[in-house]
Amino acid sequence: MDTSPFDLIRDCNAAELKVRLEAGLDPNHSVGPMQHSLLTLACELGHVEVVDLLLAHRAKKSKASGRGTPFYCAISAGHVDVVKRLAKAKSGLNAQPLPLT
């Protein structure tokens with residue numbers, strides 16, 4: 001029986017998820033009428049290793065679902081380490097040099 005990517009995230013099975021991502025699984029895969037994403041679920045559950053894996057495979061950090069954005073899910077669930085990972089990933093993409101004074 002083939003385990004769904006969402007079950008892999010619920011079980012924090014980063015090793016199998018990595019195999020699937022490398023085989024072509026879309027890191028922005030979402031399901032249901034609320035369009036819950038893999039990253040949103042990983043953030044909601046506080047699975048730092050899975051969040052790192054999805055970010056490394058270019059999961060969209062701003063993709064909102066019925067639960068909100070991944071950042072919102074991590075904050076509302078109190079997963080500080082995940083919030084830090086998301087903030088670092090976002091600032092790394094959007095950082096502007098500060099003017100020297």
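The chain folds into 6 helices and 2 strands, where helices (H or I, at least four residues) and strands (E, at least two) are DSSP runs numbered from the N terminus. Read from the N terminus on, the elements go α-α-β-β-α-α-α-α. This is a predicted model, so local features need pLDDT of at least 70 and side-chain atom pairs count only at pLDDT 80 or more, while totals for chains, interfaces and linings use all residues. Residues are numbered from 1 along each chain as its sequence is written, and side-chain values use heavy atoms, with hydrogens and water left out.

Of the 101 residues, 36% count as buried; buried here means under 20% relative accessible area, exposed means over 50%, and partly exposed is anything in between (1.4 Å probe, protein chains only). About 6,300 Å² of the chain is exposed, and carbon and sulfur atoms supply 56% of that area. These accessible areas come from the Shrake-Rupley method with a 1.4 Å probe, and for residues only the protein chains shown count as cover. As for contacts (heavy atoms within 4.5 Å), those between residues at least 6 apart in sequence include 63% that join residues at least 24 apart.

Next come the helix pairs. Two packed helices are described by the angle between their axes and the distance between the axes. For H3 and H5, the angle is about 15° and the axes lie 7 Å apart. The axes are lines fitted to C-alpha atoms, for helices over the stretch in contact, with angles running from 0 to 180 degrees between N-to-C directions. H3 and H5 are therefore roughly parallel to each other, going by a scheme in which angles under 35 degrees are roughly parallel, over 145 roughly antiparallel, 65 to 115 roughly perpendicular and the rest oblique. The crossing of H3 past H5 is right-handed, a label used if the near helix is turned clockwise from the far one by less than a right angle, with anticlockwise giving left-handed. On the H3 side the contact is made by Leu39, Thr40, Cys43 and Glu44, and on the H5 side by Pro70, Cys73, Ala74 and Ala77.

Charged side chains add another layer. A salt bridge is a side-chain nitrogen of Lys or Arg within 4 Å of a carboxyl oxygen of Asp or Glu, and by this rule there are 5 of them. Glu44, already met in the H3 contact with H5, also pairs with Arg67 at 3.2 Å, N to O. That pair links distant parts of the chain, 23 residues apart: Glu44 sits in helix H3 (residues 38–45), and Arg67 in the loop between helix H4 (48–56) and helix H5 (70–77). Both partners are partly exposed, Arg67 at 32% and Glu44 at 26%.

Arg85 and Asp52 form another salt bridge, at 2.9 Å from N to O. Arg85 lies in helix H6 (residues 80–94) and Asp52 in helix H4, so this pair ties together parts 33 residues apart in sequence. Arg85 is partly exposed at 34%, as is Asp52 at 30%.

A more local pair is found in helix H2 (residues 14–22), where Glu16 and Arg20 are 4 residues apart, or about one helical turn. Their side chains meet at 3.2 Å, N to O. Glu16 is partly exposed at 29%, whereas Arg20 counts as buried at 18%. Together with Asp2, Glu16 and Arg20 are linked in a network of salt bridges.

Finally, His47 sits in the loop between H3 and H4 and is buried, with a relative accessible area of 17%. Leaving aside residues up to four places away in sequence, His47 touches Ile9, Arg10, Cys12, Ala42 and Val82.
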